Amino acid sequence: MERSTQLQNADNELEQQFGYAERVKQILCSRYEKQPLAFVHTYGCQQNVSDSERLKGLLELMGYGFTDELEAADLVLYNTCAVREHAEDRVFGNVGLLKACKRKKPEMTVIVCGCMTQQTSVADKIKRSYPYVDILFGTHVRHRLPEFLYRRLSGGERVFENPDTGESLVEGVPLHRDGTFKAWLPIMQGCNNFCTYCIVPYVRGREHSREQSAVIDEAKRLIESGAKEIMLLGQNVNSYGRGNSEKTDFAALLRAVNALPGDFRIRFMTSHPKDCSDELLLAMSECEKVEKHLHLPVQCGSDRLLKIMNRHYDTAKYMSLIEKARALMPDISFTSDIIVGFPDERDEDFRGTIDLVKRVGYYSLFTFIYSKRSGTPAAKMENQVPEDVVKDRFDRLLALVQEKGRKASSRFEGTVQEILVEEESREK
């Protein structure tokens, strides 16, 4: 299907959803004397937070207000994460607690959506074991929330929608932002990399980039609304623009957002090392509104494991990017993701990770213990690392990270820096 036809179909789809939203609003007005309240809880990454802002925008369009108190809610929505087993366990635990809430308030609507629910096994478990969940939908059909609510509230059966594919670039979905100063701005959806440990390509689908004009228009609206920090989001922002009708790439997009008038700063994540170009680093160095910070996930410091992980770079390539970035931006700070305990991780592999952390001198690290994800190649690999070995390595890495982080921060001692104040501290 041509991209222009896809976008036209998405526009038609959204118009239909606005029609459903109006019907839901009429149903709610007939059922509630006061405005019904929705409790929305988000698990996982910034992309999920951004998705929830759009889900809340749709709920607001249908007439819902919002509450932070579960007991006060007339609708509960959990937007889930599938990256690690711990996140899934928390979701199942919290959904389980809703049984009592539903017993006290039978008219409450319970919705579970997001990355977890895109997995057939999870959807089947919820359908079978949690009969009080009214609506479940996956990542490809988020914009159809009004339709799903209308079907359920008008007397229909429970709704379960998690198709394998779908149009993920529906523009014009209303937005409800909870924050004032920081704004999430998704520029693409999905991932084509298929790292062997990662479930994301299976639950988010293939890469689709938004048109640059749509991104710029949304950035303008965010700036006008008072945003002081705009975070450009994507599973791999460095591959932005591939397949678009507009000939563009991520470096060009950075320059375009940077050129917008206003007092704001720009951040982005996540940046895959295999697609981190010299032009991107040059754009970062030349754009005064782009923060001189690069989140560049390395995952480990072992070339052997990087190949098994299907990362498409080695430590030499990674360090060359670090050196190029530092040459262009001497004050740049680096952060990264590191997995400890990937299958068949040996002592020499872990020593390579420790050595790389020392060489880069990260400002901070997001360190994770490997979590087996059903459906990924790594889940079937032999030589899973014993738990006690993983914990020891993790603790050693964490101690090093804290040491390096303190050293990296100390370079600001005695200097004056501009900061973004989000709220007044409760401590005087």
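**Charges.** I started with the charges in this predicted model. The chain carries 60 positive and 64 negative charges, and I found their mean positions 3 Å apart.

**Overall build.** Next I looked up the secondary structure and got 13 helices and 14 strands for the chain. I then checked the radius of gyration: a compact globule of 428 residues would come out near 22 Å, and the chain has 23 Å, so the two agree. Along the principal axes, the C-alpha trace spans about 65 × 60 × 55 Å.

I also wanted to know how the contacts are spread along the sequence. Taking contacts with a separation of 6 or more, 79% link residues 24 or more positions apart.

**Surface and burial.** The accessible surface adds up to about 20,400 Å², and carbon and sulfur atoms hold 48% of it. On the inside, I noted that 53% of the 428 residues are buried.

**Cores.** A reminder to myself: in soluble globular proteins, nonpolar side chains tend to be buried together. Which residues touch the most other members of the largest nonpolar core? I got Phe 250, Met 284 and Tyr 318, in a core of 68 residues.

I followed up on Met 284. Setting aside its neighbours within four places in sequence, Met 284 contacts Leu 254, Phe 268, Met 329 and Ile 332. The list for Met 284 also has a run from further along the chain: Val 290, Glu 291, Lys 292, His 293 and Leu 294.

There is a second, separate core too, with 28 residues. Among them I noted Leu 70, Cys 115, Ala 123 and Val 203.

**Backbone oddities.** Where is the cis peptide bond that I noted? It joins Met 269 and Thr 270, with omega about 5°. I placed Thr 270 in the loop between β11 (265-269) and α9 (278-286).

I then went through two positive phi values. Phe 194 is not a glycine, yet its phi is near 55°. Phe 194 is in the loop between β8 (188-189) and α6 (200-204). Is Phe 194 exposed, partly exposed or buried? Its relative accessibility is 30%, so I logged Phe 194 as partly exposed.

His 312 is the other entry, with a positive phi of about 65° and again no glycine. His 312 belongs to the loop between α10 (303-308) and α11 (315-328). With a relative accessible area of 55%, His 312 counts as exposed, because the cut-off for that is over 50%.

**Two more loop residues.** I looked up Pro 330 and found it in the loop between α11 and β13 (333-340). Pro 330 is exposed, at 63% relative accessibility. I also took a distance from Pro 330 to Gly 114: they are 216 residues apart in sequence, and their C-alpha atoms are 40 Å apart in space.

Arg 346 came last, in the loop between β13 and α12 (347-360). What does Arg 346 touch, not counting residues up to four places away in sequence? I found Arg 304 and Arg 393. Arg 346 has a relative accessible area of 37%, so I put it down as partly exposed. From Arg 346 to Val 122 I got 33 Å, C-alpha to C-alpha, with their positions 224 residues apart in sequence as the stated separation.

Key
Residues are numbered from 1 along each chain as its sequence is written. This is a predicted model: local features need pLDDT of at least 70, side-chain atom pairs count only at pLDDT 80 or more; totals for chains, interfaces and linings use all residues. Side-chain values use heavy atoms; hydrogens and water are left out. Helices (H or I, at least four residues) and strands (E, at least two) are DSSP runs, numbered from the N terminus. The radius of gyration is taken over C-alpha atoms; the globule rule is 2.2 Å times the number of residues to the power 0.38. Buried means under 20% relative accessible area, exposed over 50%, partly exposed in between (1.4 Å probe, protein chains only). Contact means heavy atoms within 4.5 Å. Accessible areas come from the Shrake-Rupley method with a 1.4 Å probe; for residues, only the protein chains shown count as cover. Lys and Arg count as positive and Asp and Glu as negative; His and the chain ends are not counted. The place of a charge is taken as NZ of Lys, CZ of Arg, CG of Asp or CD of Glu. A nonpolar core is a set of buried Ala, Val, Leu, Ile, Met, Phe, Trp, Tyr and Cys residues joined through side-chain atoms within 4.5 Å.
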